[in-house]
Amino acid sequence: MDGDGRTAPYDDGALLTIGAFARASRLSPKALRLYDELGLLPPAHVDPHSGYRHYAPAQLERARLVAWLRRIGMPLARIREVCELAPDAAALAVAAYWAQVEADTAARRDLAAFLVDQLERKNTAMTTPHTPLTMRYAALTDQGLVRPAHQDAAHAGPRLLAVADGYGPDGGQAAKAAIEALKGLEDQDLTSADLLGALEEAAHRAHRAHRAHGDHRAALAAEKTTGCTLTALLRSGTQLALLHVGDSRAYVLRDSGLLQITHDHSLVQSLIDEGRLTPEEAASHPQRAQLLRSLDGATEFAPDLQLLEARPGERYLLCTDGLTGVVPAGTLQQVLTAADGPDQAVRELIRLAREAGAPDNVACVVAEMTGLRAG
């Protein structure tokens with residue numbers, strides 16, 4: 001063993017400095033330090049006094065494999081798995097990864113098409129008459145089969161769709177209060193220019209009220225943090241304002257398939273984005289419930305906001321992670337496609353969550369955009 005407990009089977013004269021190893025492996029010293037921290041490519045020897053890293057020539061093969069896998073975009077977490085496999089198994093793992101990349105690319109292509117369509121519709125909105133729309137909707141929540149309390153909330157109305165997932169001692173009340181703060185928007189005759197501002201201000205009012213309540217509680221006793229996620233759509237004509245914070249989700253079903261139009265504000269999603277975690281690992285990660293953003297009295301409120309253009313035939317799904325955590329996206333699409341209407345869809349989605357064990361509370365809202373017939 002060397003001074004820091006690592007096996008050092010090579011003489012110092014046979015080892016390469018980190019600079020020389022970087023040049024030989026086509027990996028930067030910065031990348032090598034990161035791979036060391038992750039246990040992906042630890043040096044053969046670390047000087048206990050200076051901290052200088054040295055690598056064995058025999059490590060070049062693994063380093064070059066890492067470099068190639070990074071070039072095809074494989075996440076670091078999956079690279080670590082591949083590097084531990086025998087060559088035949090590693091080849092199968094790379095092939096499986098690339099098949100998933102192609103599937104993900106197709107999904108991103110559909111999302112890109114959706115965004116292009118949104119932008120083009122905005123560009124012609126001032127000159128092209130809109131197709132009048134009406135909206136059918138339904139909301140349903142369920143405590144699930146494991147949780148001792150129900151902390152999810154949902155609302156579906158002529159103008160507003162919303163779901164919230166509470167956490168902490170008063171999470172259920174936080175979720176209900178967030179939804180209640182938005183319900184007043186149902187009675188406001190808003191133009192498309194007012195939508196985002198009105199939705200954001202209503203959510204900020206909910207956050208300020210929650211923060212004041214949280215400050216009062218904290219003054220009485222030290223408690224665990226309480227808050228909620230919040231995902232909402234507010235409609236005026238064909239315009240939809242989307243507000244999102246946390247790991248509840250919004251999807252749209254259209255000709256190209258089911259598209260997720262929100263991005264999770266969670267620790268595991270950030271690790272996936274950085275390539276440090278695979279989606280499969282995220283599902284069982286011990287910190288999968290940790291949020292980076294939420295409606296929480298202890299933090300600033302920073303929701304994502306965007307304006308969408310709805311069209312006839314589209315179906316929208318808003319749901320908490322009690323649904324997406326146990327029902328795959330492909331199944332969500334099948335249900336939304338086959339259901340006769342929103343009411344049947346929400347009942348079927350809740351049934352599937354319960355069939356999968358329903359370890360968490362579930363809330364879902366489904367809405368369908370329908371064109372008004374002339375005359």
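Strand 14 (residues 315-319) and strand 15 (residues 362-371) run antiparallel to each other, paired over 5 bridges. One of the contacts in this pairing is set by Tyr-316, whose bridge partner in strand 15 is Ala-367. The model is predicted.

**The sheet**

Both strands belong to an open sheet of 5 strands. The order is 4-15-14-10-11, with antiparallel pairing. Strand 4 (133-142) and strand 11 (257-260) are the edge strands, and each pairs on one side only. From one strand to the next, the twist averages 20 degrees.

**Helices on the sheet**

Two helices are described here. Helix 11 packs on the sheet. Helix 12 packs on the sheet too. The table gives the strands each touches and one angle between directions.

| Helix | Strands touched | Angle between directions |
|---|---|---|
| Helix 11 (residues 329-338) | strand 10 (249-254), strand 11, strand 14, strand 15 | about 125 degrees with strand 11 |
| Helix 12 (residues 342-355) | strand 4, strand 14, strand 15 | about 155 degrees with strand 15 |

Strand 14 and strand 15 are touched by helix 11. Helix 12 also touches strand 14 and strand 15.

**A buried acid**

Asp-165 lies in strand 6 (residues 160-167). Is Asp-165 buried or exposed? Asp-165 is buried, yet has no salt bridge. Which side chain of opposite charge is nearest to Asp-165? That is Arg-147, 7.2 Å away. A salt bridge needs the charged atoms within 4 Å.

Asp-165 touches several residues beyond four places away in sequence. Among them are Asp-152, Asp-321 and Asp-360. Gln-151, Ala-175, Gly-227, Cys-228, Thr-229, Ser-248 and Thr-320 are also touched by Asp-165.

Technical notes:
Residues are numbered from 1 along each chain as its sequence is written. This is a predicted model: local features need pLDDT of at least 70, side-chain atom pairs count only at pLDDT 80 or more; totals for chains, interfaces and linings use all residues. Side-chain values use heavy atoms; hydrogens and water are left out. Helices (H or I, at least four residues) and strands (E, at least two) are DSSP runs, numbered from the N terminus. Buried means under 20% relative accessible area, exposed over 50%, partly exposed in between (1.4 Å probe, protein chains only). Lys and Arg count as positive and Asp and Glu as negative; His and the chain ends are not counted. Contact means heavy atoms within 4.5 Å. Two strands pair if DSSP finds at least two bridges between them. Axes are lines fitted to C-alpha atoms, for helices over the stretch in contact, and angles run from 0 to 180 degrees between N-to-C directions.
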